Every structure is written in structure tokens, then in C-alpha cells.
Amino acid sequence: KCRTGPLDIVFVIDSSRSVRPFEFETMRRFMMDIIGSLDVGPNATRVGVIQYSSQVQNIFSLKTFFTRADMEKAINSIVPLAQGTMTGLAIQYAMNVAFTTQEGARPLHKKIPRIAIIVTDGRPQDRVTEVATQARNAGIEIYAVGIQRADMNSLRAMASPPLEEHVFLVESFELIQQFGKQFQDKLCGVDMCMEQEHGCQHSCVSTPSSFYCECNPGYRLNADGKTCSPIDACADGRHGCQHQCVSTRGSYSCRCRVGYYLNQDKRTCSMIDYCSFGNHSCQHECVSIPNGHYCRCRSGFTLQPDGRSCRATDLCNGVDHGCEFKCVSTEGSYHCMCPEGQQLQADGKACSKCGAGHVDLVMVIDGSKSVRPQNFELVKQFVNRIVDLLEVSPHATRVGLVQYSSRVRTEFPLNKYHSADEIKKAVMEVEYMEKGTMTGLALKHMVEHSFSELEGARPLSHNIPRIGLVFTDGRSQDDISEWARRAKESGIVMFAVGVGKAVEEELRAIASEPVEQHFSYSADFTTMTHLVENFKLNICPEEGKGEMEIRSPCECEALVQFQTNTVAILQSLTEKNILWARSLAQMTARLEDLEKQIANKK
């Protein structure tokens, strides 16, 4: 075996048509005999094989195989190309491809010999002198082995000096195997590390004609090529340690600052949880810090001088609570209250005599095929007319929209938009669904999803009315009774709006009590505008009184003043009539007296 050190060897084998099949078999045997004498491996000798004729074919590269068995299997599977003899092209390929680091050659600075063994049986059909010179200048040592008909001048033009050690001519293919045994001695010369004082601090690696020094793991070779220095693995900054990097011989370890421990990844650090030791004695909360812990009280409590116990804080006196009427302190918190007869608003601070205009409104519109596209646009305008009636904001009215046909789709939930303009724009962008009329399925979706707090409905405890408005133009294809009942039982005030072929029985089943005030019908889509006014009278009770609509407080005040003035005028007229009647009675009495006096005189 070759023990003088690692080599990078590439066989360049001629498989032109002049090489007969049985002759090529002897070339296979020649390569396998040479490989059998080498100490092959990723850190020992690496071997590659290329064959050529009119073209070059890579059989396996220096990085492909690292065992003799794999190499021999690949060599036995070679199929000769059987064409021309382009030896110069093969040398060019070996230089530009086979001996590159990408193909497995070790870097030049490692000083591992690069050896090309060219085996040919004829004269090259291209020029070899120039390209062989380039290859030798690139650090490739070339052995030229000619067999039988090979041209000696070409062999000499290819080979490295001294020519007597690098040019070989074998008389026949039968003798190449015997030559292979002699050729092994050329590759396996003396152990240069044993022959002379190498001066390597750590280890010496022998090559066929020289040697080089290597350092142990964790060290690097100094500029003198002999001595070694420890590698500072922390210096390049790629260690990944979160806190501190500690360099050791050729390696490193991570270390954490005081108060932290190293995680399982051996790089990151986590703070020691001193509270987890269970001896902190904190009444409420324990907070760990790098050097220990401290106690903290929950919101609404104050830490006492002992640093452990907590006492409740009167938050109403200590914070700007913003309550309009009254602030009530509780343990660790507070809440606002309103006087009897008034409601606490959604902001949890303001009070109002009623919640008129502050509602959660979900409109469920029919998008079935019978509506038709042009009428669906009218439906969207109808929806926006209703939005115009409302004071839309997160703390006033919230609006959601659902469309249904054979399926149900939430166009936008209650918590999606916070202004009327945003909602109206979103409504006009809604796309018409078409298909069937599953009103019952839409009611189920509204109850289970649309009025959930997840989709923006405010908690029932806030006493914000929940209103569902169902718009349909025909008979439902599924049962509506169960989910209409569940909607009303869950506290949703239901309005039903029908157009065209809508079924009055279904509209009444959907509507809340009193039914007459909660359902409306229009003969066609173009006459729906009066439905908006009906809806306003019922959704805004402070503005609608029976059939009389009072549009503003100013108008109300004017009506009251008119009534007061009218009553005053009527009273004045009544008083004058009484005085006139008294005068008339007195005059009548006097006339009667005069008549009596005249009658007596007669």
C-alpha cells in the first residue's frame, strides 16, 4: 500500500475505436490494480476517472467514491466511446473540471499532489503541447502511458519533467498489467518525513517527492509552515453565544452572565426563575430579576412596607375614573354607576336616559337568483338608506351585513367598520351571489355567528339592543320557524322586509311582537323607499310616536309653544264671552223693569 501521503489522481483513459474490446478490458485491470495499491479515502488518496475519444465523458469525480469497491464497480461499468482520439480535449477537461475543488480536488495550499495518468494507444487528432503545458503550470503532474501504437513524441509533449520518470511505452496491452505493478512504485516513493528532519511541531505528511506540516485539531499552521498556534474560535464572531464565548483549544463554549443559565442549545441563556423556588412569601405576585426577586401587587393594591403584603387601593380616589355619575371601588378595580332610570353607556362611564339609536344591527339580505342583478343594486341602495338613519360608531350603532342564497356569507361583521361612509362603500362593493333561497340557514348563521362577541356584538350586560333585519323576495326553500324562534328567544328584535313574491306567513313568523310593527311589504323593488321610513319609526322609539314623526327637539318645542298660545287665545275669548253675556243679562233685566213700569202706568 502507498503510505507516503494523500494524492488526487485522475485517470484519463483513451477509449477510441482503435482500442479493441479485449484491449479495453486490460486497461480496466490496469486502473483497478493501481487503485488497489493506494490508501483511498476522503482524507487519504482520492481517485477520479474520465474517458475520451472524440468527446470527453466523466466516469466519476474525485468526490464521488471513497472506497475501492465502489470505484471498481464504476470502472467495470464503463462503455467505450469508440470514436476519434482527442487527447488535447481530454487534458483541457482534466485541468478545467476534474481537478477543481468543486469536483473534489483539495485546495492547492494544502500541497496535495494532483496527478493525471493518461493512457492512450495512438496519435492524438488535436494539439496537445500547449494545453499540456497549461495543465503542468496549473500544478498537475502528468504521467503519459503509451500502448502499442502510441506516438512517442506526443507522449513526451504531454508528460511532466523529468521525462524519463513520466513517459512510459508498453509494447502491447497484454503487458500493461505487469507494467502497472512497476508503475505503483512511481506513485509510492520514499517517506520524506522519515528521510529528513522535517521540523513540524505537530505532524508531518509525506508526498511522493516532498512533505508538509499539519496541526492538530484546534490549531492552525503558522506562516513558517512548521509551528502551530491555538485557534481562537470566538474571534470570528460566528459562535452564536448570547452572552459570553469562552475559547478552548480549537473550540469554544458559551457561558451566561450571573443570574442566567445556559439553555439546551448551548448558546442562548434564560434568566433564573428565583420565584419558582417557592420561598418568596409574596402575597400576590413574585417577579424574578437577574439577581433575585421582588414582590408586586395586583392592580388596585399597594405594596406594604414589609415588601410582601398588599392592601386594596381606593381607585375611585386615586385615578381619573371618568364616571359621569358615581364611581364604585371594588377589590383591585372600580366601575361606574348611573342614577335610577338611566343606562350606563358602552364606554362604561357615561349615562343616558335611554339607548335610542345605540344598537347592534345585522342586516340579512336575499341574494337568490329571483332577485336579479339590477334589483340587487336597489337592495344595496335600500341598505344604505337605512345606514343613513343611524349614528354609526364603535360606541353608538354597529352594523353588520350577511348575504344568503343556497349558502350564507358574512359580507362584514359588526366590528369591521366604524363609520357610515365605510359601511356604505363596503355595501356597494358586495357581489351578487344568485342561486337558491335558504332563509332558515341564514337565520341560523345570524344567531350563531353574527351576534357573537367575536364578531363585534356587545355583551348583553350592556343592554344594547340587538336588531336583525331580514330582507327577502320569495318563499324560503328550507324551514325558518325554528331559527326565527331561537333568534327572538335570544333577545334579538327581528324585522322582516318582503318584496314581490315574499310570503306574508314567513314574514310574520320572522317578525317580533307586535308583528304589525315589525314587518313591511312592498310590491316591487322600485317602491321600497317607504319601507325605510317605517323601519325608522320602529327602530328609533324616541323619534317615532305612533304615526306622528317629530324630527327634532326644536320642532317639538315649536309644537308645544303653538299649543300653549292656542289655549291662551281660547281662554281669552271665553272670558270675553262671559262678560258680554253678563252685560246682556243686565240689559235684559232693565228692559223687563221698564216694561213692567210702563204696564203699571197704563
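Helices and strands here are DSSP runs, helices of at least four residues and strands of at least two, numbered from the N terminus. With that in hand, Ser461 is easy to place: it sits in the loop between α12 and β26 (466–472). The model is a predicted one, and Ser461 makes a handy way in. Its relative accessibility is 60%, so Ser461 counts as exposed, the cut-off being over 50%. Ala346 is 115 residues away from Ser461 along the chain, yet the C-alpha atoms of the two are separated by 9.9 Å.

Stepping back, the protein chain runs to 602 residues, of which 42% count as buried. It holds 16 helices and 30 strands. Take the contacts between residues at least 6 apart in sequence: 60% of them join residues at least 24 apart. About 33,100 Å² of the protein chain is exposed, and carbon and sulfur atoms supply 51% of that area.

One part to look at is an open sheet of six strands, laid out in the order β3-β2-β1-β4-β5-β6 with mixed pairing. The edges belong to β3 (56–60) and β6 (167–170); each has a single partner strand, so one side of each is left without a neighbour in the sheet. From one strand to the next, the twist averages 20°. Within this sheet, β4 (residues 114–120) and β5 (residues 140–147) run parallel and are joined by seven bridges. Val119 has Val145 in β5 as its bridge partner.

Helix α2 (residues 68–76) lies across β2 (46–52) and β3, at about 145° to β3. Helix α2 also meets helix α1 (residues 21–36): their axes come within 10 Å and cross at roughly 170°. That angle is over 145 degrees, so α1 counts as roughly antiparallel to α2. On the α1 side, the contact is made by Arg28, Met31, Met32, Ile35 and Gly36, while α2 brings Arg68, Met71, Glu72, Ile75 and Asn76. Sorted by class, this contact of α1 with α2 has five nonpolar, two polar and three charged residues.

Further along comes a hairpin, in which two residues join β15 to β16. Strand β15 (residues 285–289) pairs with strand β16 (residues 292–296) in the antiparallel sense, over five bridges. Val287 finds its bridge partner in Tyr294 of β16. The loop between β14 (269–271) and β15 contains Ser281, a residue other than glycine whose phi is nonetheless positive, near 65°.

Glu434 is another case of this kind: it is not a glycine, but its phi is positive at about 70°. Glu434 lies in the loop between α11 (420–428) and α12, and its relative accessibility of 37% makes it partly exposed. In helix α12 itself (residues 439–450) is His445. Here the relative accessibility is 17%, which is under 20%, so His445 counts as buried. Apart from neighbours within four places in sequence, His445 is in contact with Val402, Val408, Thr410 and Ser450.

Finally, the backbone has some cis peptide bonds to point out. One joins Pro161 and Pro162, with omega at about -10°; Pro162 is in the loop between α5 (152–158) and α6 (163–166). Another cis bond runs from Glu513 to Pro514, with omega near -15°. Pro514 belongs to the loop between α14 (504–510) and β28 (519–522).

Note on methods. Residues numbered from 1 in each chain as written. Predicted model: local features only at pLDDT ≥ 70, side-chain atom pairs only at ≥ 80, totals over all residues. Heavy atoms only, no water. Buried < 20%, exposed > 50% of the residue type's maximum accessible area, 1.4 Å probe, protein only. Contact = heavy atoms within 4.5 Å. Pairing = 2+ DSSP bridges. Axes fitted to C-alpha atoms, helices over the stretch in contact; angles between N-to-C directions. Areas by Shrake-Rupley, 256 points an atom, 1.4 Å probe, with all protein chains shown as cover. Parallel < 35°, antiparallel > 145°, perpendicular 65-115°, else oblique. Nonpolar A, V, L, I, M, F, W, Y, C, P; charged D, E, K, R; others polar.
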